[in-house]
Structures are given as structure tokens and as C-alpha cells.
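Here is a short briefing on one protein chain. Look over the sequence and the structure first, then read the points below.

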Amino acid sequence: LPSDSRDITEVCPELPRITLVVTDVMGEEHWATVRCDDDGKKELDLSGIKLSEIPERVLQRIEVESLRLNTMHMTNIPRSLQRMTNTTHLHLTNRSTVMGLVEFPIAVAELPNLTFLDLTGNINMTSFSSGICMSLKCLQTLRMRGCKVKSLPHDFSEMKQLQHLDVRGNPVDN
């Protein structure tokens, strides 16, 4: 790669993908690819990369409909996520037993087109913020399997489009 292409590199522009080099919090570089499916939906997978924020360069250059931030060892979601307003699918699963989200990510409420949210395996997540459901008007699928959420917020019924809810493995009492 040319030295001036270390932050974001477009590889084979005639192909429906873009390859990025992102640097994690330890200064290590990782490759991530934006792939386009047959319908033109772009997906960015940053799973397993320890990022404190979604790089500004990514936010400026790429609009994705599907974002995978699985097992990133974060306890909170970066506020920069709010700028990815075209995102319809968000995967925030956690396969680690020591890290993961500790509360329902408020930044998710700023994604007006979100239809699918997967929070499976965030074993430290015990709360689900009241008031957030009113912003998730398009959400159709919510997966929270294996979290430790004890109750759902009072405004949960505001998610009128919700068709699929998976809260197995949660000590939900209401």
C-alpha cells in the first residue's frame, strides 16, 4: 500500500467493497472491509477491534446500513455511532465473559432507521434506559439473549414496529 493510504484504502474500486485500515487503542492496525450485498446494502465489520471511537475518517467517507461491533471489549458505545444515521442493522454482541456493555446503549436511540439490534451476550448489561424506546420507532427485531436485564422500561410498548424480541437468559420480571 502507498504510505499515504494507511488510514482508509479503497481497494479495487470496480468491486463492491472497500478495505480500511483502522488503528485500535493499543496502536495496532487492523483490516476491516465494507462489503456490498446484491441489494447494494453496505456492511462494515469492526468486530473484535478495540476501538474507543469509530474513526472520524470512517464516518466521513462511508455510509453503511449494517454495522458489526461484536466483541469489541467496550463497556459503552462510542457517541460517534450517532452519526451513522443510515444504519438499519446493528450488531453489538459480546462473546467475552469479562467485558461488554453495562447498560443499553443510548447512542442507539440516535439511529432513526434502525430496524435490527442484537445485544446478545452482554452479561454485564443490567439496565434498559427508560425513554429510549420512544426513539426506536422503526425497530423490528431486538435480541438481548443472555444479558442480565431485570426489567423492561415502562415505555417499551412505544416500539410499535417490534415484531421479534429475544430476551432468553435474562432475569426479566415484568
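**Fold at a glance**

The protein chain has one helix and nine strands. This is a predicted model. Read from the N terminus, the order of elements is β-β-β-β-α-β-β-β-β-β.

**Packing and surface**

- The protein chain has 174 residues, and 44% of them count as buried.
- Contacts also reach along the sequence: of those between residues at least 6 apart, 47% join residues at least 24 apart.
- About 9200 Å² of the protein chain is exposed.
- Carbon and sulfur atoms supply 47% of that exposed area.

**Confidence**

- Mean pLDDT for the protein chain is 79.
- A pLDDT of 70 or more is reached by 81% of the residues.
- Residues 1-16 stay under 50 in pLDDT.
- For residues 1-16, the model has 25 contacts beyond four places in sequence.
- Where pLDDT is low, predicted coordinates should not be read in detail.

**Cysteines**

- How many disulfides does the structure hold? The count is zero.
- A disulfide is a covalent bond between the sulfur atoms of two cysteines.
- Is Cys 147 buried or exposed? Cys 147 is buried, because its relative accessible area is 0% and the cut-off for buried is under 20%.
- Cys 138 has 30% relative accessibility, so Cys 138 counts as partly exposed. That class lies between the buried cut-off of under 20% and the exposed cut-off of over 50%.

Key
Residues are numbered from 1 along each chain as its sequence is written. This is a predicted model: local features need pLDDT of at least 70, side-chain atom pairs count only at pLDDT 80 or more; totals for chains, interfaces and linings use all residues. Side-chain values use heavy atoms; hydrogens and water are left out. Helices (H or I, at least four residues) and strands (E, at least two) are DSSP runs, numbered from the N terminus. Buried means under 20% relative accessible area, exposed over 50%, partly exposed in between (1.4 Å probe, protein chains only). Contact means heavy atoms within 4.5 Å. Accessible areas come from the Shrake-Rupley method with a 1.4 Å probe; for residues, only the protein chains shown count as cover. pLDDT is the predictor's confidence in each residue, from 0 to 100. A disulfide is a pair of cysteine sulfur atoms within 2.5 Å.
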